[in-house]
Amino acid sequence: MAQFIAFLRGINLGRRRIKMDVLRAHFEALGFTGVETFIASGNVIFASRANDPDKLSEKIAAHLEQSLGYKVDTFLRSRAEIAALVAGLPFHPSVATDDDTTIHVGFLARELTPAQRRGLLACRSPHDSFFVESRHYFWLCRGIKSHESKIWASAELKALRLPSSSMRNLTTVRKIAALHPPSGA
C-alpha cells in the first residue's frame with residue numbers, strides 16, 4: 001500500500017468549513033485506508049492501493065468538489081517525499097531556529113516554469129525570501145509575523161501568476177512527518 005499525505009487548499013477558511021470526521025469519511029468513501037487528519041486545516045494522511053499521485057489527486061479533488069460544492073485544490077506527497085523535505089531545509093540552521101523567523105512550505109501540483117522560479121526567488125524583501133525545489137517552495141519570513149508580510153500583495157509577485165498552491169507552516173509539516181515515518185526510516 002502506498003502512503004500519502006494530501007494537503008488540501010482552503011479547508012476551514014472562510015465559509016469552507018468541514019469537520020475532520022466528515023473529511024475522513026470522504027477519503028474512506030474513495031476506498032482509502034488508514035485515514036487520519038492532522039489539525040483542522042486540510043491535512044489528510046492515508047494509504048491507497050493505487051500509487052499514481054496525479055490520478056489520486058484528480059480523484060480526490062473531483063470527489064470533494066462534487067460532495068462539498070466547491071473546488072478543493074489537492075496536493076499529494078508520499079511519506080518519503082515529506083521526510084526528505086523536512087530533512088533538507090534550505091536555509092541556514094541559525095536562521096531556521098530564530099524565534100523571530102517563520103518558515104512555510106508551499107505545495108504545488110507541478111514544478112514552476114524557469115521564469116516563475118527565477119521570479120519567485122527574486123521576490124525578496126528585508127523580511128522575506130524564497131527557495132524553490134521541485135514541486136514545493138519555502139517562504140522564510142523574519143522579523144515580523146507572516147500575516148504582516150506585504151510580499152504576497154507585491155506587484156512583482158502577483159505578476160508571476162503562480163499556480164495554485166497550499167502552504168503549511170514548516171512546524172506542521174515536521175509534525176506530520178514525525179507521525180508515521182516512511183517504512184525503513
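A residue counts as buried when its relative accessible area is under 20% and as exposed when that area is over 50%. L56 has a relative accessible area of 4% and is therefore buried, a statement that, like everything below, refers to a predicted model. L56 lies in helix α2, and, leaving aside residues up to four places away in sequence, it touches F4, F32, S48, A50 and L76. Another way to place L56 is by its distance to F75: the two are 19 residues apart along the chain, and their C-alpha atoms are separated by 9.6 Å.

From this residue one can move outward to the sheet with β1 to β4. Strands of a sheet pair through backbone hydrogen bonds, either parallel or antiparallel. Here 4 strands form an open sheet in the order β2-β3-β1-β4, and their pairing is antiparallel. Strands β2 (33-37) and β4 (74-78) stand at the edges with a single partner strand each, so that one side of each is left without a neighbour in the sheet. From one strand to the next, the twist of this sheet averages 20°. At the β2 edge, the antiparallel pairing with strand β3 (residues 43-48) consists of 3 bridges, and T33 has A47 in β3 as its bridge partner.

Two helices can be followed as they lie across this sheet. Helix α1 (residues 20-29) lies across β1 (2-8), β2 and β3, and its direction makes an angle of about 155° with β2. Helix α3, for its part, lies across β1, β3 and β4, running at about 85° to β4.

The helix that holds L56 can now be brought back into view. Two packed helices are described by the angle between their axes and the distance between the axes. For α1 and helix α2 (residues 53-68), the packing angle is about 125° and the axes are 10 Å apart. These two helices are therefore oblique to each other, since an angle counts as oblique when it falls outside the ranges for roughly parallel, roughly antiparallel and roughly perpendicular. The crossing of α1 and α2 is right-handed. On the α1 side the contact is made by L23, H26, F27 and A29, and on the α2 side by I60, H63, L64, S67 and L68. Sorted by class, the residues of this contact comprise 6 nonpolar, 3 polar and no charged ones.

The second sheet is described in the same order, beginning with its strands. It is an open sheet of 4 strands in the order β6-β7-β5-β8, again with antiparallel pairing. Its edge strands are β6 (128-133) and β8, each of which pairs on one side only, and the twist from one strand to the next averages 20°. Between β6 and β7 the antiparallel pairing extends over 6 bridges, with F138 of β7 as the bridge partner of F131.

Within this sheet, strand β5 (residues 101-108) deserves a closer look. Of its 8 residues, 7 are buried, so the strand is largely enclosed by the rest of the structure. On one side, β5 pairs with strand β7 (residues 136-142) in the antiparallel sense over 7 bridges, and V105 stands opposite F138 in β7. F138 thus appears in the pairing of β7 with β5 as well as in that with β6. β5 is also joined by 5 bridges to strand β8 (residues 165-169), the two running antiparallel, and in β8 the bridge partner of G106 is M167.

Helix α7 lies across β5 and β8, at about 85° to β8, and it also leads back to a helix already met at the other sheet. The axes of helix α3 (residues 79-87) and helix α7 (residues 170-179) come within 9 Å and cross at roughly 130°, which makes α3 oblique to α7. In this case the crossing is left-handed. The contact involves I82, L85 and V86 of α3 together with L170, V173, R174 and A177 of α7. By class, the contact of α3 with α7 has 6 nonpolar, no polar and 1 charged residues.

One further residue of α7 completes the path. A178 is found in this helix, and its relative accessibility of 58% is why it counts as exposed, whereas L56 in α2 is buried. A178 and Q116 are 62 residues apart along the chain, with 32 Å between their C-alpha atoms.

Technical notes
Residues are numbered from 1 along each chain as its sequence is written. This is a predicted model: local features need pLDDT of at least 70, side-chain atom pairs count only at pLDDT 80 or more; totals for chains, interfaces and linings use all residues. Side-chain values use heavy atoms; hydrogens and water are left out. Buried means under 20% relative accessible area, exposed over 50%, partly exposed in between (1.4 Å probe, protein chains only). Two strands pair if DSSP finds at least two bridges between them. Axes are lines fitted to C-alpha atoms, for helices over the stretch in contact, and angles run from 0 to 180 degrees between N-to-C directions. Angles under 35 degrees count as roughly parallel, over 145 as roughly antiparallel, 65 to 115 as roughly perpendicular and the rest as oblique. A crossing is left-handed if the near helix is turned anticlockwise from the far one by less than a right angle, and right-handed if clockwise. Contact means heavy atoms within 4.5 Å. Ala, Val, Leu, Ile, Met, Phe, Trp, Tyr, Cys and Pro count as nonpolar, Asp, Glu, Lys and Arg as charged, and the others, Gly among them, as polar.
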